[in-house]
Structure formats: C-alpha cells, structure tokens
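Biologist: I would like a close look at a single part of this model, the second largest pocket, and then an account of how the rest of the structure is arranged around that topic. Please take the pocket first and go on from there in one connected answer.

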Amino acid sequence: MALLGFLVADPVARPVLVVGTYRTTDVSPPLAEFLGRAARAEPVRVYLGGLEPSAVAELVRTIAGRDVDEETTDVITRRSGGNPFFVRELARLVGTDLSAVPPGVRDVVRYRMARLPEPVQAMLRRAAAIGAEIDLEVLGAVTGDDVLEAVETAARQGFLIERAPRRFHFAHALVRDTVYDDLSRSRRARWHGEIAEVIGRLRPDDAESLAHHYFLAESPAAGRYARVAAERAEERFAPHEAARWWRQALSAHGEVDARTRLELTMGLVRALAVTGGLEQARHRRAEAIALADSLGDPALTARVIGAFEVPALWTEHDDPALAARIVSVAERILPTASGADRVRLLATVALETRGGGGDRARKAALEAESIARELGDPRLLALALNARFMQSFERAGLAPERARIGAELVELAGRHSLVTFEVLGHLILLQACSALADFPAADRHAAEADRLGERYQLPLVGVFTQWYRALRASVRGPAEAAYRAAAARLAGTGMSGLDGVLELALLCERILRGERVPDEELEGYAHSPRDLLFEVRTCLHATVAIRRSDRVAMERCYAELLPAEGELAGAGSGLLTLRPVAYYLGELAAALGDPHAARHYRRAEEIERRIDGDPGIAGTRPDRRRRGTLES
C-alpha cells in the first residue's frame, strides 16, 4: 500500500498506470490513507453497480448452459441485485428452486456477518424478520434500543442501503434471506408476533403488514387483516394481490362459520376468474353455491351468486352443467330478492344462459338494466349491460346495438375505475367494429384492451386480441399460421367454450382462398345457436343449400341473414371471418330467382371496397369481388 502511495503521490521518471479495485463497503485504515493521498493526483474513479438485465441474462446463459426465459432472468436480477457473484450462484439453480439461497452465497454472507459487532448482527436478525424494507421506528420499538448506530454500521458494510430518512432496505434479497433462514421457526413466529403488535400500535391501518406478520406468527388475527387487505386490493384493482390475500385469509381463518368462509371463497373466485384461473374459479364457485343453498338462507345464497361480478364475452359457456345449476338456484330465490340482490340474480340468469335462454333471459337482462339505472350503482349497471350484451343475439345484424352497449360500458367503467368492465367494453367494440368492417376502429379498441390487460396483468385479454389479429391477417391474405398461434394461447386458460373455433377458422380460411369445401364438412353448421357465430354458420349452411337447390333452406337462410346485410360474416366474433353477408345474400337471391340479387352484390362490393381502402389492407388482398354462384 505504501508503494502504491509513493507511485501516485510523488513524481516518477516515466508514466505509470495504476489500476486499483476495492469495496466501498470495506475500507480499512491503510486503504483510507492511500485513497486520501491518491486524491491529490485526481484519479479517474469508476463506480460499478449491478449488472443490467441483459448482462444478467447473458451471464446466466453462460453458467446454466442454456437459454432462460424472461421471467427467470427477472427473478435472478431481482434477487441478486445484479451482483455478478450472486448471479453466477443463482444461475446454478436454474431448473430447480430459484427462491432458495445458493450454498456459496450463504457461506459468504455468514462469513461477512460474523465479522460485524454482535449488536449489529442482532439488529440485522430483527430487521430480516421485519422484511426487505425496514422502518427504523418499527425496528427500534421491536428491539427496545436506539438502533441508528447499528444500522449505519450495517449500511457502511454493504448489508443495508438508506432509501430515505429512517427508511432502509437490505442491499440484496439474498442477504436478507440468508439472515432470515438462519433463524429457528419458533423464533421467527415469536418475532413476527412482536412486530405485528408494534405495527398495530404505530400504524393500525396497515392491514397488509399486519396480515403478513400475524400470518407468519400463526395468529388467528391474520385472517381478519388478510380479508381487509384483499378487499383493499380489489378496490384499487390489483387482482393478483387480491388473490394472494384471499388465499391467506382462507388459510388463516381455519375453522370459521360457513357464512364467513363463503364470503372469503367468493372473493378468491372473483380474483381467480380475472387472473387466468378460470377452472379453479368455476370449481370453487360451484362448491360455494351448493353450500350456500344447503343452508336454506335465500338472502345468503343470493349474495354468494351475486358476488361473481366477472365480465363475460364469449357466447358459448365453458361449463354448461354448472351454468344450468346456477340458473336453477337463481330462479328459485329470485321471488324473494329485491334491490341490488335482484339485479345480480337477474344478470346471472341472463349471463349463465348465454344464447340459449330465449325470451326469459332477455327479459331478465332488461329488468336488471332497468333496476340498475334506478339504483344509480355503476358496478350494478356494468353487470346489467354485460347481461344485455349476452342477450343481444336473438337475430342476425345486431352489431350496431352491441356497439352501443360496448361504448356505454367503456365510458361508464372508465369513469368509475371498473377495469374489467372497461376491458369488456373495448372487446365488445372490437367485435362490433369488425362486424361492420370498421377495422381501424377495431384496431384501436384491441390496442386499448391490450394496454389495460398489460397494465393490470389480465392474461386472458391477450388471448382474444391475438385471435383478432389472426382475423385481421385473414382479411389481408393467408392466415393459417396466425390462427394456429392464437389457438395455442387457449391451452390452460379453461375457456372450453372456444373449443372447435380453430377448425371453423381454418375452414373459413380455405373458403376465402377460393377452395371448394366438400358438403360433408359444412353440414355440421346447418343449425346454429343464436350467438357470435350465428352469421358465419348460417352462411355456410346457405352454401350447402345453394349447391343442393334446397329452396326451403335457402329461403330460411335468406330471411335470417337479411338483417345483417351490412356486416362481415363471422367477423362479429372478433375471431374469424368470411366474405360480407351481402355476398351470400346475393348468391341466395340469385339461386331463388330474386331480382334483389344485384343490389346485394353491389352492397358486398361497397363493403369490400371499404376494407380495401384501409391502408393496412390495401394491395394485400386478392380481388374477391365477383358475381356468380358459389359453384364458379
């Protein structure tokens, strides 16, 4: 050290480059003296921070010997803080448990910890129980000491970092985890209980921290605070966080009365349904409704059924048997319900019957909307509008009505921060604008739905928007690859109501390419339910009827399709499309000897010219405007 001091402080005969490295958290007295002498030579100082995520990914790939996904890189970056040694050690855990502390890291942290004064070590153990973020007021109250000096020593040694006055955090998650894991389970539980009592005195409204510490202390109080935390997460629309708290509330409550357990279960069901856990949500919802019904309390059952305020977009149910059971129970208790409970039950009847509820379901949706408007409750009105949407398929050609519903939902939900219903409104408008061949508008709604889905981590939104982009690709040209990629996104979503859509999309794709599809492949679409695919299935049925000169079927198809003359067949689904409905009306009219055929063909050409005028489409589609029969 003295030699280096001489080189940098006194003149030498020739130029000498001196490069030195040291830890800013480990400066000994001799090193401090050297740095003071070197400062007079105005050295260039380079301070090294943590590795950037891209560098972390590269280092992990080198150590692990294979590529890793973005999520793995994020976990390693977060836990290591970019420290190259920590990154290397964590990389050796790739494919196993990344939440564990690597043995090499544990050994280093223990070694450095042992060099600290005992009061500093004791403080760090208490701090580790508080968490990654440390409030000095809480830490001091827990230890009963003035901890500032010990905290400052730990900060100088690189264990802690000061964020703000009286606010510190561990420099690395792995450091905190090592210290915490070295505590016995009994000591952890005792300390968490003491921490919770302190927070209860200092910050009684901090339900999240109280729930966390009481839960780890295995205290019955955890359930109460976890429920408050879950409800707050729902209010600010943090569904993933809400799901975590609802699970904790259910776990912490243990043996509780049936009513409390039902309320907690339905909270979890709501969170699961919007965070990608549809199958688990359906299973828990079925159990909750069955339990509520068995208690013989109609008001409780109404609340349990109505607690499922989750938007619905697709018109074919994922679990028809469960839907039928829910409708049966809802109809049985409806006569005793009033106000908000009645709105929720009526909306449930309309939503769960989807396209098969007939006049009863439509009347239920209308009544729900009427009562919701009288009550002036935005959330109730959003639910009722969803029910209206689900019952807007009694005939073809209702895309304009659904566009009005979607627009009101977007405005209402945006004004009152009802995120899932705002997403629903954009997806409804995506469908309606596609049906009306207004793809620029549909693109805007797809982008807005994606923005909200990404911001609030709603994984199912991207499933629908990717299908929409496959539809857009099919309007431009061949889209089989895009459809298959969209279908792959359905795996594991629990959306079984979309089973078979890929087969239909590829069939439409073949027809758009000019392929003559055999009759036997089209016969299965002869009798379509009144849903989002009614127009496209009816056009396929019309194709077979024309080929077979089935006048009765042609007349029926013509009458059913006529109200949708201004729409693209199937595009109202937001998933797939054929040519304009007007084209198929022209084919039917020509086969029936109806003089209106020419008018329908002109309308089809107008729609296709409008599509061709879209800058994103013009010049990419083959000319499909032709007259004549489907045989040509």
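Modeller: The second largest pocket holds about 740 Å³ of space, and the model in which it is found is a predicted one. Its lining is made up of 33 residues, and those closest to the centre of the pocket are E234, R270, A307, E309 and R379. Six helices give two or more residues each to this lining, namely α13 (221-235), α14 (239-253), α15, α17 (298-306), α19 and α23. Among these, α15 supplies the largest share, with six residues. Sorted by class, the lining of the second largest pocket divides into 18 nonpolar, four polar and 11 charged residues.

Some of the helices just named return in the walls of an enclosed space, the largest cavity. The structure holds six cavities of 30 Å³ or more, and the largest of them contains about 690 Å³ of space. This cavity is lined by 35 residues, with L278, V310, P311, A312 and L313 lying nearest its centre. The elements that contribute two or more residues to the lining of the largest cavity are α15 (258-274), α16 (278-294), α19 (339-353), α23 (419-435) and α25 (459-476). Here it is α19 that gives the most, with five residues, whereas in the second largest pocket the largest share comes from α15. The lining of the largest cavity comprises 24 nonpolar, four polar and seven charged residues. Because domain 3 (257-391) and domain 4 (476-613) both give residues to this lining, the largest cavity lies between them.

That placement can be set against the domain assignment of the protein chain, which gives domain 1 (1-41), domain 2 (53-99), domain 3 (257-391) and domain 4 (476-613). The centres of domain 2 and domain 4, taken over C-alpha atoms, are separated by 50 Å.

The largest pocket belongs to another pair of domains. Since residues of both domain 1 (1-41) and domain 2 (53-99) take part in its lining, the largest pocket lies between these two. About 1,600 Å³ of space lies in it, and its lining counts 44 residues, of which T21, Y22, R23, T24 and V46 are nearest the centre. At least two residues of the lining come from each of α1 (2-9), α2 (29-39), α5 (84-91), α6 (103-114) and β2, and the largest share, five residues, is supplied by α2. By class, 29 of the lining residues of the largest pocket are nonpolar, 11 are polar and four are charged.

Strand β2, one of the contributors to the lining of the largest pocket, leads on to the strand pairing. Strand β2 (residues 160-164) pairs with β3 in the antiparallel sense over four bridges, and within this pairing E162 has F168 of β3 as its bridge partner. The two strands form a hairpin with two residues between them, and in the turn R166 has a positive phi of about 70 degrees. Strand β3 (residues 167-170) is also joined by three bridges to strand β1 (residues 133-135), the two running antiparallel, and D135 stands opposite R167 of β3.

Aromatic contacts complete the picture. The structure holds seven aromatic pairs. In one of them, the rings of F389 and F393 have their centres 5.6 Å apart and their planes at 80 degrees, so this pair is edge-to-face. F389 has a relative accessibility of 0% and therefore counts as buried, and F393, at 4%, also counts as buried because it falls under the 20% cut-off. A further pair, formed by W467 and Y483, is tilted, with 5.8 Å from centre to centre and 45 degrees between the planes. This contact links distant parts of the chain, with W467 in helix α25 and Y483 in helix α26 (residues 480-488), 16 residues apart. Both W467 and Y483 are buried, and the helix that carries W467, α25, is also among the elements that line the largest cavity. Elsewhere, Y583, Y584 and Y601 form one aromatic cluster.

Note on methods:
Residues numbered from 1 in each chain as written. Predicted model: local features only at pLDDT ≥ 70, side-chain atom pairs only at ≥ 80, totals over all residues. Heavy atoms only, no water. Pairing = 2+ DSSP bridges. 1 Å grid on protein atoms, 1.4 Å probe; cavity = no way out; pocket = protein on both sides within 12 Å on 5 of 7 lines; lining within 4 Å. Points joined across faces, edges and corners; volume = space filled by probe spheres on them. Nonpolar A, V, L, I, M, F, W, Y, C, P; charged D, E, K, R; others polar. Domains from an automatic or database assignment. Phe/Tyr/Trp six-rings, centres within 6.5 Å; stacked < 30°, edge-to-face > 60°. Buried < 20%, exposed > 50% of the residue type's maximum accessible area, 1.4 Å probe, protein only.
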